[in-house]
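Hi everyone, thanks for coming. I'll put the structure up on the screen, and then we'll walk through a few spots together.

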Amino acid sequence: MKHIFKPLIFLFVGGLTFTSCKERNVKKSTSKNDTIVQSDEDFRPNFHFSPQSGWMNDPNGMFYLDGTYHLFFQHNPDDNIWGPMHWGHAISTDLINWEEQPIALEPDELGTIFSGSAVVDHENTSGLGDGKTPPVIAIYTYHDADKAETGADDFQTQGIAYSPDAGKTWEKYDKNPVLDNPGIRDFRDPKVSWDEETNKWIMALAVEDHIRFYSSSNLLDWKEESSFGKDLGGHGGVWECPDLIKMDIKNSDEEKWVLLVSINPGGPNGGSATQYFVGDFDGSTFTPDESIAEIGEDHNYWIDFGKDNYAGVTWSNIPEEDSRHLFIGWMSNWQYANEVPTETWRSTMTLPRELQLHKEDEKYLISSAPAGEIKDFRKNVLSKETLKINKTQNLVEKTEIDLSKAEISFEIPDLTEGKYEFVFSNERGDNLKFGYDHSKKEFFLNRSESGLVDFNENFGNKTSVAPRLSDAENLKVHLFIDKTSIEIFFDDGKTVMTEIFFPKTPYEKFSASDHENFSINNLNINQLNAN
Ligand code: FRU
C-alpha cells in the first residue's frame, strides 16, 4: 500500500534533508573512520539515463518515431524525493545517449501525473490529429492527492494528452478523464497497444491485486473486458505497471502473449520487482498457459532477480523491420529509493534491453539482452581465449580499464561443485561480489560492503540470489558496470541481476577468487565510451 505512505515520506524526509541548492551540491558522508566529500556528479552514470536534477521513478510513455526513441519518466522536478508527479522527457537516437527535454506533462486540477504509456495513432482513430500528421497519444493516471486525503477511494482516474508534433509538445484532452474510477484505491498505470486481430486498442490497467483489460476503438471511450491474476503469481504487494506484449517464440513459428506485472513489495530478493506471465490473449481475455496455470508466490518468472529493476515496460511503435521488444526499467527499489546518497538528482534507468521469449522442455522463459546499440560504444581493451585461475587473481590492471564504464564477458567451462566468485574493489576496502554456486545452482550478488550502504537497512543487509535457469555446460557471464550500477546477464540473459551501489571511490580492481583451479574462456573487457 505504498501510496498511502508516499506523501508521508515526502513531508518527513523533505523536512529533514532539504537544504539550500548550494549545500545540496555536495554530499558529505561519514562512515566509521573516514569523512569523504563527494560531488553528486561522481555518482552520475556514464551510459545510463539519469535526470539532470530532481527525482525520477518509473519509465513512462516510451515510443519510437522517425528515428527517435522517446522516454518519459515519473519526475518530481522540485525535490530529490517522490512528490507531485510530472512526466519528464528525454530523447535518443541510439538508446544510449539521452537528451533531456522540457517537462512533457504537468499536474493539473484533476491531479498529478502517474505512470502510463503512449501510442502513435496512425489512423487518427481518436480524431485528435489534424488529419495529416498522426497524433501521439499519452494515456496516464491522474492521482488526485487532495481527494485521497479526504478518505475517498476514487482518486485515481485515467486521462489522455496528445501531441501534434511527434512528442515535442502536449495538449491535455479537454474531456478528461477518459476512464473513471469505480471506487478502487489502486487503479492505475494504463499500458495501451493496438490489437491487430480485433482492430481495437487494448488497455492493461493495474487494479489492486490484478490486471484489468479494457478495449476501445478511439482511445477515448473504454469498455471493460476482463480481469486476470488475482490467484496467480506473486502477491506480496500491490500490482503496478503492466505491459501486454505479443512475442514470437525464439526458433519456432509459435507466438504467445506475455504480460509483465510489477509488484511492490514481493520481489524475489525483497521490495520491488517485475514478474511475467505467458499465455494467450483473444482481444478480451488473457488466459495463462497450462505451464504456469498454478504458479504461486515463489516462482522463477522474474524479468530480473536483482533488487533494482522496477516498473519496466516496452517501447511502442517499433517498426516491423526491427520488431524488437525493447524494454527499460527504473534502476531502484521502493525500499530505499528516496534515500540513496545523491542529493541534486535521484535514480537512473537500466540499459535498454531486448526481451526474447523461449520455450524449453514445455516451459516458457524470457531472456534479456542489452540493446545491440551498445556495441557502437565499445573499445576492446583486453581479450583472452583461456585463462587459468587458482585462488585469487586479478583479471585486469587498473591502468588498462576505467571500471566505471565497462563491459565484461567470459565463460566458465566444465563447472564443478562449489562457488565461483568475482569481485570489484577499490583501495578504500569497498567491494562488490558476485558469482555462481554450482552446488546450489544459484547466482549471488553481494553489495553489503560496496561503499555507502547504511542509508537504509534494506540496502546492504542481504546477499541477493537467483536460480540458474539453464542446463548449459558452460556458464556465460556478460556484465555492464557503470559508476553506480551493475547489470549481469547470466546464460545469455536467462537469469539477470541488476543492482546499484555507491562506492566511496570508484572501483579499480576486478578479480576472481574462491574456487580452486578453474578456467575462464573468451574473456573480453571493453571500455564503453558513451560520452
Ligand atoms: C510504480 C508506481 C506506479 C505509479 C507511480 C507513481 O513505481 O507506484 O504504480 O503510477 O509509481 O509515481
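Strand E26 and strand E35, which covers residues 518-528, run antiparallel, and five bridges join them. If you want one pair to look for, find serine 409: its bridge partner in E35 is asparagine 524. Before I go further, keep in mind that this is a predicted model.

E26 has another partner too. Eight bridges join E26 to strand E31, residues 475-482, and that pairing is antiparallel as well. Here you can look for glutamate 407, which stands opposite phenylalanine 480 in E31.

So how many of the residues in E26 are buried? Eight of eight, across residues 405-412. And both faces are covered. On one side you have Lys405, Glu407, Ser409 and Glu411, and on the other Ala406, Ile408, Phe410 and Ile412.

Okay, next stop: glutamate 240, in strand E15, which spans residues 238-248. Is this glutamate buried or exposed? Glutamate 240 has a relative accessible area of 3%, and the cut-off for buried is under 20%, so glutamate 240 counts as buried. What does its side chain touch in there? The glutamate 240 side chain makes a polar contact with the side chain of arginine 188, at 2.7 Å. There's also a polar contact with the side chain of tyrosine 310, at 2.6 Å.

Now over to a loop. Phenylalanine 501 sits between strand E33 (495-500) and strand E34 (509-513). Despite being in a loop, phenylalanine 501 is buried, with a relative accessible area of 1%. Setting aside neighbours within four places in sequence, its contacts include Leu432, Phe459, Ile481 and Tyr507. Threonine 463 is 38 residues away from phenylalanine 501 in sequence, and their C-alpha atoms are 13 Å apart in space.

Last bit: some backbone details, also in loops. Where are the cis peptide bonds I'd like you to find? One joins asparagine 176 and proline 177, with omega at about -5°, and proline 177 is in the loop between strands E10 and E11. Another goes from asparagine 264 to proline 265, with omega near -10°, and proline 265 is in the loop between E16 and E17.

Then there's positive phi in residues that aren't glycine. Asparagine 199 has phi near 55°, and its place is the loop between E11 and E12. Leucine 219 has phi of about 70°, in the loop between E13 and E14. Leucine 219 is also buried, at 0% relative accessibility.

That's my tour, thanks for listening!

Technical notes
Residues are numbered from 1 along each chain as its sequence is written. This is a predicted model: local features need pLDDT of at least 70, side-chain atom pairs count only at pLDDT 80 or more; totals for chains, interfaces and linings use all residues. Side-chain values use heavy atoms; hydrogens and water are left out. Helices (H or I, at least four residues) and strands (E, at least two) are DSSP runs, numbered from the N terminus. Buried means under 20% relative accessible area, exposed over 50%, partly exposed in between (1.4 Å probe, protein chains only). A polar contact is a pair of N or O atoms within 3.5 Å; within protein, one must be able to donate a hydrogen and the other to accept it, and residues adjacent in sequence count only if both atoms are side-chain atoms. Two strands pair if DSSP finds at least two bridges between them. Contact means heavy atoms within 4.5 Å.
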